[in-house]
Amino acid sequence: MNTENVKKSENTSIFDSHALAQLGNFRLRVAQLATGMTFGEHNSVRSGISTEFQDHRPWETGNDPKLIDWRVFARSGKLFQRRYREEANTAFYFLLDYSPSMDFAGISGEDGTSSKKRLSKREYAQCTAAVLAYVALQQRDLVSFTALNGSSTVSLRLSTGENHWVDSLDFLEKPPFPPMKKKSETEKTARFSEVLNHLASHCTRRGKIFIFSDLFDVETWGEIVPQLKLLLAKKHEIVLFHVLDADEWEFPYDSRTQFVSLENPSESLTSMPTEIRTEYLNAIQDWQKNISEGAQTLGIQYIRIDTRTPISETIRIS
């Protein structure tokens with residue numbers, strides 16, 4: 001489904017990133033979103049993996065011809081139809097990026113002028129993942145979370161039920177990362193590929209994996225192809241949410257600006273935006289294209305996120 005074709009619900013204002021940013025409290029945001037999704041239109045998160053083959057039974061006049069197993073007919077000359085059973089519990093895994101770059105939130109409006117601050121990339125990812133998890137748990141499915149912050153990776157067990165919803169909110173709000181250690185100049189942070197290896201060992205049951213990240217740690221798609229192929233070989237379905245702020249996509253700066261790295265605050269660049277805008281936009285567009293085309297090649301659903309987009313729309317196309 002294309003974003004342009006998404007029908008907005010009457011509750012769209014609830015999902016507006018500016019409106020949510022004003023609520024402040026994470027749990028309050030999630031409560032508002034969950035209420036909106038309860039009464040709004042949304043796709044089931046079970047899409048694509050909700051049924052499995054059980055057996056055959058004779059096809060009778062009046063039954064749906066689409067269910068006929070033509071391979072059996074070719075062998076036996078008799079009409080049989082496939083029967084399916086719904087899996088009692090489908091597994092949904094969520095991987096969220098909590099690295100410092102995910103804390104960025106721009107303030108430019110639709111016309112490039114200063115506007116109210118919107119949700120940060122991390123807040124947007126947290127809220128979207130929380131609502132998808134809420135829908136899954138309402139369907140009595142299983143939910144698990146993994147979080148990374150650049151140096152550590154932690155996970156919440158795969159489970160279901162009301163108590164697990166409480167545990168999920170606790171985990172999303174404040175993942176139990178170990179205390180940060182002061183890194184030496186030669187010490188490297190955990191690469192995204194290493195995080196995907198951790199995820200592969202954690203996702204022991206076939207299911208659907210939602211990944212939320214700005215992917216700033218991934219210079220080229222080829223770096224993470226082996227790990228993604230491993231997940232796909234285990235029959236997981238993968239949805240990749242590429243989360244960037246509008247200011248990062250559009251670079252709407254005019255006056256002399258100091259740009260400071262959120263990952264390494266000691267690194268900064270002071271420049272006139274007009275001198276670097278063309279080179280920056282070309283670089284980020286080429287990088288994003290490399291990732292989106294790579295995902296398409298592997299059959300991974302790729303969703304490019306602009307944090308100005310109402311969360312309702314993001315959920316519906318997932």
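Hi everyone, let me start right on one residue: Thr-146 stands opposite Ser-155 in strand β5. Keep in mind that this is a predicted model.

Thr-146 belongs to β4, and β4 pairs with β5, residues 153-159, in the antiparallel sense over 5 bridges. Between these two strands of the hairpin sit 4 residues, and Gly-150 there takes a positive phi near 100°.

Now, what about β3, residues 91-97? That strand runs parallel to β4, and 7 bridges join them. If you want a spot to look at, Phe-94 stands opposite Phe-145 in β4.

So is β4 buried or exposed? Buried means under 20% relative accessible area. By that cut-off, 7 of the 7 residues of β4, 142-148, are buried, so the strand is largely enclosed by the rest of the structure. In a regular strand, side chains alternate between the two faces of the sheet. Here both faces are covered: Leu-142, Ser-144, Thr-146 and Leu-148 are buried on one side, and Val-143, Phe-145 and Ala-147 are buried on the other.

Let's move over to the largest pocket, which holds about 960 Å³ of space. Its lining has 26 residues, and the closest to the centre are Phe-216, Phe-259, Val-260, Ser-261 and Tyr-280.

Which element gives the most to that lining? It's α10, with 6 residues. Elements that each supply at least two lining residues include α9 (246-250), β8 (257-260) and β9 (268-271), along with α10 (273-298). As for chemistry, the lining divides into 14 nonpolar, 6 polar and 6 charged residues.

Thanks for listening, folks!

Conventions. Residues are numbered from 1 along each chain as its sequence is written. This is a predicted model: local features need pLDDT of at least 70, side-chain atom pairs count only at pLDDT 80 or more; totals for chains, interfaces and linings use all residues. Side-chain values use heavy atoms; hydrogens and water are left out. On a 1 Å grid over the protein atoms alone, a cavity is a set of points where a 1.4 Å probe fits but cannot get out, and a pocket is an open set with protein on both sides within 12 Å along at least five of seven lines; lining residues have an atom within 4 Å of a point. Grid points are joined across faces, edges and corners, and a volume is the space filled by probe spheres set on the points. Ala, Val, Leu, Ile, Met, Phe, Trp, Tyr, Cys and Pro count as nonpolar, Asp, Glu, Lys and Arg as charged, and the others, Gly among them, as polar. Buried means under 20% relative accessible area, exposed over 50%, partly exposed in between (1.4 Å probe, protein chains only). Two strands pair if DSSP finds at least two bridges between them.
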